[in-house]
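Visitor: I am new here and would like to know how the labels in a structure are earned. Could you show me around?

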Amino acid sequence: MSGLLQFLVFVALILSSRASEDGLVVKIGAIFFDTEMKLAEAFDAALQEVNAVNPALRLEPIKHYLTIDDSIVLQDLCESLLITVLDHLYRFDFIDLACDLIGNGVAAIFGPSSKTNSDIVEVLCNMTGIPHLQFDWHPQQSARVRLNHQLTVNVAPMELVLSNALSDILGSKSFDWKSFTIAYEKSTHFSRLQHLLAWRQLHKTGIKMQEFERGGDYRILWKRINNAREKFVLLDCPSDILVDVINASIAFNMTGSFNNLFLTNLDTHVSGIDRFYSREFTVSVAAVRIRTYIPPPVHDEIDVFDNEVDTRFDSLGTQLVYDSVVLFYNALLEISQRPGFYTPQFSCGRGFWQPGPRLIEQMKMVSPKQVKPPFKTQRLQINAEGQRDDFNLEVYNPLIDRVTHIWNKEFKLVDYEKIRENSTQAVKQRRLENKEDFSQKPVRYTVATRVGKPYFSWREEPEGVHFEGNERFEGYAVDLIYKLAEECKFDFNFEPVRDNKYGSYDAATDEWDGIIRQLIDNNAQIGICDLTITQARRSVVDFTVPFMQLGISILSYKEPPPKADIYAFLNPYGVEVWLYVMIAMMITAWALILTGRMDEYEWEHPVVNANEEMVRENTWHLHNTMWLVLGSILNQGCDLLPRGLPMRLLTAFWWIFALLISQTYIAKLAAFITSSKIAGDIASLHDLIDQNKVQFGTIRGGATSVYFSESNDTENRMAWNKMLSFKPDAFTKNNEEGVDRVKLSRGTYAFLMETTNLQYYVQRNCELTQIGESFGEKHYGIAVPLNANFRSNLSVGILKLSETGVLYNLRNKWFNSNESTCDLDASTVDDGQFDMDSVGGLFVVLIVGVIIAFVIGVAEFLWHVHRIAVKEKIPSMLALKAEFHFLIRFWLTKKPLHTYRQSRDSTSTGYSSLEQVSSASSAKKRKKTHRRKD
């Protein structure tokens with residue numbers, strides 16, 4: 001009998017060796033539920049790919065399908081299954097399926113999923129030596145239970161490790177959740193949340209739990225959470241109802257900016273949650289998923305018009321089914337080439353397949369870097385217990401599918417951008433960049449730009465000269481690109497954009513224009529002009545480090561200075577007022593004369609006159625009253641004071657009038673002079689907003705308009721709303737149009753623009769000026785396509801040009817040139833001093849007054865000479881000579897009463913006083929002479 005058995009084994013080995021020569025075909029079994037057709041399709045697709053790897057080994061599938069009712073039968077039979085009674089259990093469908101697979105000679109059984117709630121397949125496979133592969137989560141097993149599951153391998157991540165990952169993520173600095181609510185579906189496996197439940201205490205200051213049931217009213221869940229004023233929610237529910245659950249939260253304002261939502265389902269990315277992407281759905285959403293294998297880029301194409309996307313392996317379940325097939329195939333490929341391998345040929349419960357345990361051990365040794373085809377998920381490695389405890393977990397925003405962090409049990413939570421920067425490929429690339437490849441020819445970039453001085457403009461051609469290529473252009477941007485090309489070793493061609501726009505986003509068409517559009521469409525590799533770096537533009541293109549820093553300021557029309565008026569000191573009062581003042585002075589003077597003559601107290605005491613008569617004199621004549629009136633209004637006073645009550649009352653009221661007139665004049669004069677020094681009433685953006693006389697605007701769709709439209713500052717928002725309300729339209733197409741509009745408006749329009757451009761136009765237009773300080777710091781940068789590998793090279797070049805002073809020299813060349821024709825001597829700053837044009841009228845008044853006084857003095861002098869000639873009965877010329885002779889002798893201060901006497905001894909006539917003085921002087925001299933002789 002034993003000899004016969006050895007012969008049969010020998011025959012089987014011979015048959016298996018012949019089969020290997022023609023190509024070994026190994027049968028594998030799979031058990032799926034009738035609701036898991038996607039998994040079955042993924043299983044078939046995986047078989048197609050692995051069978052194409054090596055023609056020497058092919059897998060032949062045998063699939064069976066179950067209903068949910070079959071899993072209930074399995075749960076009742078699990079505990080009563082014995083080897084001795086296996087023949088009696090064939091009446092149950094599931095046992096029939098499993099044993100049928102074993103009887104058909106399958107070398108492995110895949111499935112069923114965890115919906116079975118039974119381990120009957122694991123037990124059968126462990127008894128018969130057939131490897132069993134699982135691809136989803138199953139309840140944790142004790143060491144005793146694992147003894148019956150030694151031939152089971154599960155490619156799904158361990159829930160214990162996944163639980164640890166969720167705890168690390170929420171406890172990291174990037175999230176730092178202190179208190180939150182766990183909203184879970186009734187069938188949730190808490191094993192994947194056990195670290196979170198042990199991390200914080202339940203209720204109050206820690207973790208709160210909220211349960212909901214599939215198909216129930218999800219609004220009740222969110223109402224309870226909203227009433228608890230919870231802003232941090234961890235949602236654990238199946239992906240097929242995730243959209244419905246989140247949609248119910250909208251009615252309770254749980255999707256605002258201050259809310260946070262963390263989704264634990266690893267299939268969130270296929271749930272359709274991205275439909276909530278909108279400006280109203282601003283909740284901070286994060287989810288996790290197993291990071292998949294990313295194949296290298298494919299540079300060829302089969303059909304350019306074939307846009308079909310392969311979605312067979314989108315869900316985690318399909319990926320794990322694929323990985324389980326790949327894992328088994330690679331292990332079988334290795335084992336099948338060893339001596340002693342044969343395919344199983346026995347019925348259920350009546351044999352043990354010896355290669356099965358070796359196949360399990362080989363699966364535990366398979367390296368993810370050696371498998372063909374590659375696994376769909378990263379870091380798939382089976383441990384000694386047949387479990388997968390290593391994987392990469394992505395933390396991402398499911399609304400926009402943007403990865404932010406990667407978790408791994410070895411490295412914990414790491415920022416995704418940091419991984420990209422420190423990746424092996426990036427380090428290798430940096431090493432290569434440090435070495436110059438002399439075999440490479442310089443690359444040629446297309447430089448997109450727009451026409452606008454002084455950055456880029458057409459170069460004027462002298463007569464008889466024609467420029468070609470890049471020589472046709474000039475400007476700051478042209479010189480900068482030439483310097484960068486020299487530094488970074490590249491060639492370039494300038495291409496001005498047709499619409500001459502910087503690049504703004506149109507929400508209606510969902511398109512960009514200008515320079516940005518050229519970069520997005522890859523029609524250009526570099527974009528340069530006065531292009532401001534903004535967040536919106538950075539979302540579609542990349543920027544180098546800034547090459548210029550600037551701000552925003554106000555360009556306004558400079559009002560020409562008023563013509564000088566030397567009689568401006570008369571402006572506080574009009575001509576009519578001055579006439580009335582002079583008339584009031586005359587009337588008051590005559591009123592004082594009349595009142596003084598009527599008042600008895602204003603007459604002096606009686607005196608004897610020349611005729612020896614007693615007379616009384618009144619001092620209030622026109623000379624004195626005019627002197628009193630003039631002195632009062634000039635605040636100088638007078639030595640003549642009234643004594644009677646009527647005169648005092650009249651004088652007092654005149655003093656009141658004179659005081660008010662003079663002080664009002666002084667105040668008005670000061671205000672007039674001060675106001676004439678003020679250039680305008682707008683000195684800042686705040687002043688511009690608060691007035692309605694001057695309209696203001698900026699370039700439509702430019703960075704300055706974006707600054708105002710998206711700003712949260714109150715003044716900026718008010719300025720933006722005002723610009724939108726102006727009629728006609730306050731926006732312009734470019735800077736040149738804005739500058740021309742300011743010049744033509746002559747003070748009724750102001751233009752908001754970058755400070756560098758503003759200074760350029762102010763220096764070249766004498767009628768323009770800058771108002772106020774700059775605000776809103778901005779930067780100009782060079783735009784390149786997203787993820788362009790030459791961006792860093794350009795940034796390094798810009799930094800070198802800055803350090804060597806090249807950028808400074810370029811700025812002086814194009815912005816601070818000496819081409820201005822404005823009057824540089826004219827002071828534009830008010831230093832508070834007045835020139836002769838302001839006070840010249842005062843000197844005119846003084847000179848006129850001096851001349852008039854001198855003329856009157858001469859007239860009085862001649863009249864006095866005439867009176868002396870008549871009184872003394874001498875010729876008028878003699879009297880004039882004598883008076884003039886005394887006049888020019890300034891050292892004589894005393895004049896005698898009788899001034900003239902005719903001397904016979906004198907050859908000339910003169911004043912007797914002169915002769916008396918002369919004779920007195922002669923007598924003194926004679927006395928001195930006698931004293932010396934003595």
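**How the labels are earned**

Guide: Let us start with D542 and R791, whose side chains meet in a salt bridge at 4.0 Å, N to O. D542 belongs to strand β21 (residues 541–543) and R791 to helix α26 (residues 791–803), so the pair links distant parts of the chain, 249 residues apart. Helices (H or I, at least four residues) and strands (E, at least two) are DSSP runs, numbered from the N terminus. This is a predicted model, in which local features need pLDDT of at least 70 and side-chain atom pairs count only at pLDDT 80 or more, while totals for chains, interfaces and linings use all residues. Residues are numbered from 1 along each chain as its sequence is written, and side-chain values use heavy atoms, with hydrogens and water left out.

Visitor: What makes the contact of E410 and R379 a salt bridge?

Guide: The rule asks for a side-chain nitrogen of Lys or Arg within 4 Å of a carboxyl oxygen of Asp or Glu. E410 and R379 come to 3.7 Å, N to O, and so meet that rule. E410 lies in the loop between β12 (402–408) and β13 (412–415) and R379 in the loop between α12 and β11, so this pair ties together parts that are 31 residues apart in sequence. By this rule the count comes to 24 salt bridges.

Visitor: Why is E410 called exposed, and R379 partly exposed?

Guide: Buried means under 20% relative accessible area, exposed over 50%, and partly exposed in between (1.4 Å probe, protein chains only). E410 has 56%, so it is exposed. R379 has 29%, so it is partly exposed.

Visitor: Which label does F494 get, buried or exposed?

Guide: F494 has a relative accessible area of 2% and is therefore buried. Its place is in strand β17. The C-alpha atoms of F494 and A448 are separated by 6.2 Å, although these residues are 46 apart along the chain.

Visitor: What is unusual about phi in K489?

Guide: Most residues other than glycine have a negative phi. In K489, phi is near 60°, a positive value in a residue other than glycine. K489 sits in the loop between α15 (476–488) and β17 (491–496). With 57% relative accessible area, K489 is exposed.

Visitor: How do you know that the peptide bond from G111 to P112 is cis?

Guide: Its omega is near 0°. P112 is in the loop between β3 (106–110) and α5 (120–128). A cis peptide bond also joins K453 and P454, with omega about 0°.

Visitor: What makes an empty space a cavity?

Guide: On a 1 Å grid over the protein atoms alone, a cavity is a set of points where a 1.4 Å probe fits but cannot get out; lining residues have an atom within 4 Å of a point. Grid points are joined across faces, edges and corners, and a volume is the space filled by probe spheres set on the points. A search of the whole structure finds 2 cavities of 30 Å³ or more. The largest has about 80 Å³ of space, and its lining includes Y502, D530 and R537. About 60 Å³ lies in the second largest cavity, with W222, K231 and F281 among its lining residues.

Technical notes:
1 Å grid on protein atoms, 1.4 Å probe; cavity = no way out; pocket = protein on both sides within 12 Å on 5 of 7 lines; lining within 4 Å.
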